Amino acid sequence: MAPEEAAVLVSRISRRFGTVEAVREVSFAVAPGEIFGLVGPDGAGKTTILRMLAGVLAPDSGELRLDGIDVRAAPEQAKPRLSYMPQRFGLYEDMTVAENILFYATLFAVPGRERRERGQELLRAAGLEPFRRRLAGQLSGGMKQKLGLVCALIHTPRVLLLDEPTTGVDPVSRRDFWAILYGLRESGVTIVLSTAYMDEAERCSRLALLHAGRIQACDTPAGLKAAMPGALLAVAGTDPRGMHDALAGAPGVQGLLLMGDHVHVRVDDAARRAPELRASLAAQGFAPSSIMEIEPGIEDIFVALLGAKARP
Amino acid sequence: MFDRLQAMLMKEFLELRRDRWAMFRLVVPLLIQTLAFGYAATFTVRHVATALLDLDNSQASRGLISRFVATGRFNIVDVATRASEITRDLDSGRATAAIVIHAGFARDLANGQTAPLQVNVDGTNSNTALIALGYISQIVSLYESEHLPTIRPVSTMDAVPAVELSLAERPWFNPGIEDTWFFIPGIIGTITLIQVVSLTAFAIVREREVGTLEQIMVSPIRPVEFILGKTVPFFLIGLGDVALVTAFGVLWFHVPFVGNPLIMLLGASLFLLAALGLGLLLSTLSRTQQQAFALNFFLVNPLFILSGFAFPIAAMPAWLRWLTVINPLRYFLVVIRAVFLKGVGITVLWPDLSAMALLALALLGLSVLRFRKSLD
């Protein structure tokens, strides 16, 4: 992607807090209409990157461009084009839903008649219309998050930055939330979001896997899966934890991950190792009910990339 | 610019209106403090617990004692029979002052000799002790002058009249030396300062804590617009405070208001700007409301003590006197007392008014600069 085409261009940004290097030389580009996911464990640097993109935190070095505008040099020009929703959106809890929307609409200088129409439209999409007159403090967690999104979208931003938008939100609200995001993508809005949910990561157009302030890998979910070395076997049985420990160090095993009642085993060659693992487990007194090759998930890729040191 | 400021102001007043307790919190403490100060803050000493030991037990000694009782300033709590009882009364705190009339008092007085009289006061509270001693010496000297042998040459032509100094006491501006006249105007400044500084600091720190501050800062609003939006409501509340306590002082405590209300308004406005600057500065130094609370506490007491509200600045050591120069309350107290009691105008008050203007400018400027940085 040529730099001038990117909706979001991040090149070699770094930021330290005291002695901690929160973000180190991070670069990525997001095309218009993409949903770009920043995935990683707590402390990986996701929030710091988003805050720098939003212009509320200055990077120590590097360059940031939104829609071709240098965020550091001309933050006032960038602001009307972007919207940033922190993990906890700042709603005024003793103001009603409608009053919150009106307040943010005025701050972003949305013209009078557009305010009503767009507010109405967004409220409907978020399913919040019946709650217009309710105080924001009396909404449920999911509804608050949706109201935050409505407020963040009232000025029709070109770029939307979301920091863990669905953390602590019930599944129904999460589904509504993603429906709104897909709708936005259709209308050409570029979305950069961070998430700790792996299922949510799979919904993104592209992903950056972050660890300790660095991007470990950056591709589409399919591309990341294809790039994972070796193959993945899912071993099911009555004592997954025991089998997990029993398989450590077996020939051809490159990684192990306990996933509920399964053990995900990364091996160099699935066809050859599957019978070997079954025999090895049987010799140690385990009776696996099934061993089969599966598609790796984002979590498996993460573990494959980082080893055991950074389980998300 | 105007739209965004208007949005901020609308929001502030909306929040204030929704806050059911806001009016209560803003008005009730103000009135209670004014009442408490109006009645309690006084330098007058009354009903001093006094122990008495009359070893002379004569008509003269009883006459002196009745003088003490008649003033109403002394309550005789113990009539002792020996010196050890006096010591016990002072030690236990039962008595603050002890008057001992030694044997031979009446005889010496009649002979025109020095009559022995002893006064012990509990100096723990130095102020009360000093004032009580003052009363006692007044009473004694009056008594003394009445019992001096009045031997005067009556009709000698060549007699030289004795030189007499006559001290005419005429306290200006407060002829009755009423303490409330001194304290009520001072309370206006003190209470307004405390209220406005803490309101401002807490309001901004709360937005930071809740996360709305970050949200607002990603909008195209400028820090100056945000700060104006946050401070204008508190400026108005502060003016309301001043008006309320002034009205209360004039109507309830009958403190005269002889000056020009416009000068009072000017002084109050400059003072409030400085107070807002101080509150804003506090908010940039605190990440949480607890920190703001601690800082506020740390700041308000010295501001109060170093203002001249109760303790004269002229009596402070030089380095403390210098510290009072940057205390806006110091100047406002001068202005407000002058306007209330003296009725003087700008020609006299301009140095204090300009000092407040300078302080307001410096504090507001500094806090706006710091506010930008504190967002990181």
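## Close-ups of helix packing, a pocket and two cavities

**View 1. The second largest pocket sits among chain B helices.** Thirty residues is a lot to label, so here are the central ones: of the 30 residues lining the second largest pocket, B:Asp19, B:Arg25, B:Leu199, B:Ala203 and B:Arg206 lie nearest its centre. This is a predicted model, where local features need pLDDT of at least 70 and side-chain atom pairs count only at pLDDT 80 or more, while totals for chains, interfaces and linings use all residues. Residues are numbered from 1 along each chain as its sequence is written, chains are lettered from A and ligands numbered from 1 in the order in which they are written, and side-chain values use heavy atoms, with hydrogens and water left out. The pocket has a volume of about 720 Å³. On a 1 Å grid over the protein atoms alone, a pocket is an open set of points with protein on both sides within 12 Å along at least five of seven lines, and lining residues have an atom within 4 Å of a point. Volume here is the space filled by probe spheres set on the points, with grid points joined across faces, edges and corners. Helix H1 (2–18), helix H2 (22–40), H7 and helix H9 (223–251) of chain B each give two or more residues to the lining. H7(B) gives the most, with ten residues. Helices (H or I, at least four residues) and strands (E, at least two) are DSSP runs, numbered from the N terminus. By class, the lining has 16 nonpolar, five polar and nine charged residues. Nonpolar takes in Ala, Val, Leu, Ile, Met, Phe, Trp, Tyr, Cys and Pro, charged means Asp, Glu, Lys and Arg, and the others, Gly among them, are polar.

**View 2. H7(B) and H11(B) run roughly antiparallel to each other.** The axes of helix H7 (residues 179–210) and helix H11 (residues 289–305) of chain B come within 10 Å and cross at roughly 160 degrees. Axes are lines fitted to C-alpha atoms, for helices over the stretch in contact, and angles run from 0 to 180 degrees between N-to-C directions. Angles under 35 degrees count as roughly parallel, over 145 as roughly antiparallel, 65 to 115 as roughly perpendicular and the rest as oblique. H7(B) passes H11(B) in a right-handed crossing (the near helix is turned clockwise from the far one by less than a right angle; anticlockwise would be left-handed). Contact (heavy atoms within 4.5 Å) involves residues including B:Leu193, B:Val197, B:Phe202 and B:Arg206 of H7(B), and B:Phe293, B:Asn296, B:Val300 and B:Leu303 of H11(B). Sorted by class, that contact has ten nonpolar, five polar and two charged residues.

**View 3. H10(B) and H11(B) are oblique to each other.** Helix H10 (residues 261–285) of chain B and H11(B) have axes that come within 9 Å and cross at roughly 140 degrees. The crossing is right-handed. B:Leu278, B:Leu282 and B:Leu285 of H10(B) meet B:Gln291, B:Leu295, B:Asn296, B:Leu299 and B:Leu303 of H11(B). Six nonpolar, two polar and no charged residues make up this contact.

**View 4. H9(B) and H10(B) are oblique to each other.** Their axes lie 9 Å apart, and the helices pack at an angle of about 135 degrees. H9(B) passes H10(B) in a right-handed crossing. On the H9(B) side, the contact residues include B:Phe234, B:Phe235 and B:Gly238, and H10(B) supplies B:Ala268, B:Leu272 and B:Leu276, among others. The tally is twelve nonpolar, four polar and no charged residues.

**View 5. The largest cavity is lined by chain A residues.** A cavity is a set of grid points where a 1.4 Å probe fits but cannot get out, and there are two cavities of 30 Å³ or more. About 60 Å³ of space lies in the largest cavity. Its lining includes A:Leu232, A:His264, A:Arg266 and A:Asp300. Strand S12 (253–259), strand S13 (262–267) and helix H11 (298–306) of chain A each give two or more residues to the lining.

**View 6. The second largest cavity is lined by residues of chains A and B.** About 40 Å³ of space lies in this cavity. B:Gln215 and B:Val218 are in its lining, along with chain A residues including A:Tyr84, A:Phe108 and A:Cys151.
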